[in-house]
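The report below describes one protein chain, working outward from a single strand to the chain as a whole. Please keep the sequence and the model in view while reading.

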Amino acid sequence: MSYEVKYPLWTGNYYNEGMDPEVFDKLKEECGVFGVFGHAEASFLSYYGLHSLQHRGQESAGICTSDGTQFHYHRGMGLVKETFENDKLLDLAGSIGIGHVRYSTSGESGINNAQPLVFKYKEGDLALATNGNLVNAPDLRKKLEQQGSIFQTSSDTEVVAHLIARSKHEKLEDAVKEALQQVDGAFAFLFMTQHKLIAALDPHGLRPFSMGKLGDAFLFTSETCAFDAVGATAVRDLNPGEMIILDENGMREDRFSEPKQRALCSMEYIYFARPDSDIENNNIHTVRKQMGRQLATEAFTDADVVTGVPDSSISAAIGFAEQTGIPYELGLIKNRYTGRTFIQPNQELREQGVKMKLSAVRKVVEGKRVIMIDDSIVRGTTSKRIVNLLREAGATEVHVRITSPPFQNPCFYGIDTPSREELIASAKTVEQIRQSINADSLTFLSQEGLVKSIGKNVETHGMCFACFDEKYPTKVPSC
């Protein structure tokens, strides 16, 4: 008997092409960068580093290396392991390299926008990779096009390449300084020529960016977990407005801007970073546990079981359980092999898609009052489906606790968030959201509790809470 497959399990030619936001309404990850200077196996280090950063972008991956004479590079759509199969790494010779994993927040999805971007430059070849988003890129792009620039991609990263190319400075680092002084937003940049590597962080320090060492080699990454993957040691975080230049003369510390008010993205602590990463010497797992503890003091309710939504909420659920004495259990299990995208021709199959992604452990939650810990509520559709999964598995009560304040405002700094109209917390009260997601109770962590959990003085180690309080650290488009 033959069957006609009307609705394939996932769409497109690669792992996560065409994700439907109505099914998985979690915030979309940003990007991740990894750089190497002074190691004979730069491509292999970049490969393993990008594997550790895969959670930051599953849309495309790329590595560019230099052997001192010419560039070798490869980019592809999909996961790191898919992009670099069939010994492609063997063709990437050189001791300097930059790598990138991408989730499109600016520019359409496609191989042309996969990074690193590689260009011909007056001094030779130039490769760029970045994590973040330039809020004034559209205006700069329009101005450059009026002056005769021809763009090959729709990525805002290419704007910086054109600014560098048009600079009259002879030295690359001076041209990079001039370019970065014209852009605004969040960025952790890596620039590479045949002999040089430059790392730069935006003046507000919105994105995490760390430097490490492996023997005599220098490494740069969006998260310190990538250092652990290659056996490197973290040295320090880059400072806002700082540039680090590496060439045959060694390492030089410089800056293209004076530091502005520190505004590290708070969602790195809440959701994006891996639990085994450290930011500003704060371990992410430890901070998330403290968020759970703080949430327990702010919103205790009696229950039988505490469970977390995998993966980013597990640490907080453990902290909540430890603070309250309510047992922590694996009440929800994530299927790691379903991919990230599904086609949803009707409501019934939409629900099936969620069940394939996540399932409730019936023997754990049946007949129990369950506290479900999650990191955020965006549109509310996923939260409702998870609550209903627990109810269908026999939970008698489902109390939802969120380890962030209500997400009310869009992000312009590299997180692909819905418009304000699509954010459920921008239009509904907490009680209305509770009713919408079918929970017995709902509480969000207060912003004060979030700051306390992170343990940093906002005045000296400032953070960006704009998605909660609309206090953007830079000028942003009207929203």
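Phe 34 stands opposite Thr 221 in strand S10, and this pairing is a convenient place to enter the model, which is a predicted one. Strand S1, residues 31–37, and S10 pair in the antiparallel sense over four bridges, while strand S9, residues 210–214, pairs with S10, also in the antiparallel sense, over five bridges. In the pairing of S9 with S10, Leu 214 stands opposite Ala 217, and the hairpin formed by these two strands has two residues between them, with Gly 215 taking a positive phi near 65°.

Is S10 enclosed or open to its surroundings? Five of the five residues of S10, which spans 217–221, are buried, so the strand is largely enclosed by the rest of the structure. Side chains in a regular strand alternate between the two faces of the sheet. In S10 both faces are covered, with Ala 217, Leu 219 and Thr 221 buried on one side and Phe 218 and Phe 220 buried on the other.

The pairings for which a facing residue pair can be named are set out here.

| Strands | Bridges | Facing residues |
|---|---|---|
| S1 and S10 | four bridges | Phe 34 and Thr 221 |
| S9 and S10 | five bridges | Leu 214 and Ala 217 |
| S5 and S6 | five bridges | Val 118 and Ala 127 |

The pairing of S5 with S6, residues 124–134, is antiparallel and belongs to an open sheet of six strands in the order S5-S6-S7-S8-S12-S13, in which the pairing is antiparallel. Its edge strands are S5, residues 117–121, and S13, residues 250–255, each of which pairs on one side only. Neighbouring strands of this sheet are turned against each other by 20° on average, direction ignored.

Turning to the interior, the largest nonpolar core has 44 residues, of which Met 267, Tyr 269, Met 291, Val 306, Tyr 413, Leu 450 and Phe 468 touch the most other members. Among the elements that each supply at least two residues of this core are helices H7 (266–272), H8 (284–298) and H15 (447–454) as well as strand S20 (369–374). Apart from it lies another core, of 29 residues, among them Leu 163, Ala 175, Val 176 and Ala 200. Beyond residues up to four places away in sequence, Tyr 413 touches several others, including Gly 132, Asn 133, Leu 206, Arg 207, Cys 464 and Tyr 472.

Pro 327 lies in the loop between helix H9 (314–324) and strand S18 (332–334), and is partly exposed because its relative accessible area is 43%, a value between the limits of 20% and 50%. Leaving aside neighbours within four places in sequence, Pro 327 is in contact with Asp 304, Val 305, Val 306 and Ala 321. The C-alpha atoms of Pro 327 and Thr 307, which are 20 residues apart along the chain, are separated by 8.8 Å.

For the chain as a whole, the secondary structure comes to 16 helices and 23 strands, and 57% of the 479 residues count as buried. Among contacts between residues at least 6 apart in sequence, 70% join residues at least 24 apart.

The mean pLDDT of the chain is 88, and 87% of its residues reach 70 or more. Over residues 1–24, however, the pLDDT is below 50, although this stretch has 57 contacts in the model beyond near neighbours in sequence. Residues 340–347 also have a pLDDT below 50, with 31 such contacts. Where pLDDT is low, the predicted coordinates should not be read in detail.

Key:
Residues are numbered from 1 along each chain as its sequence is written. This is a predicted model: local features need pLDDT of at least 70, side-chain atom pairs count only at pLDDT 80 or more; totals for chains, interfaces and linings use all residues. Side-chain values use heavy atoms; hydrogens and water are left out. Buried means under 20% relative accessible area, exposed over 50%, partly exposed in between (1.4 Å probe, protein chains only). Contact means heavy atoms within 4.5 Å. Two strands pair if DSSP finds at least two bridges between them. pLDDT is the predictor's confidence in each residue, from 0 to 100. A nonpolar core is a set of buried Ala, Val, Leu, Ile, Met, Phe, Trp, Tyr and Cys residues joined through side-chain atoms within 4.5 Å. Axes are lines fitted to C-alpha atoms, for helices over the stretch in contact, and angles run from 0 to 180 degrees between N-to-C directions.
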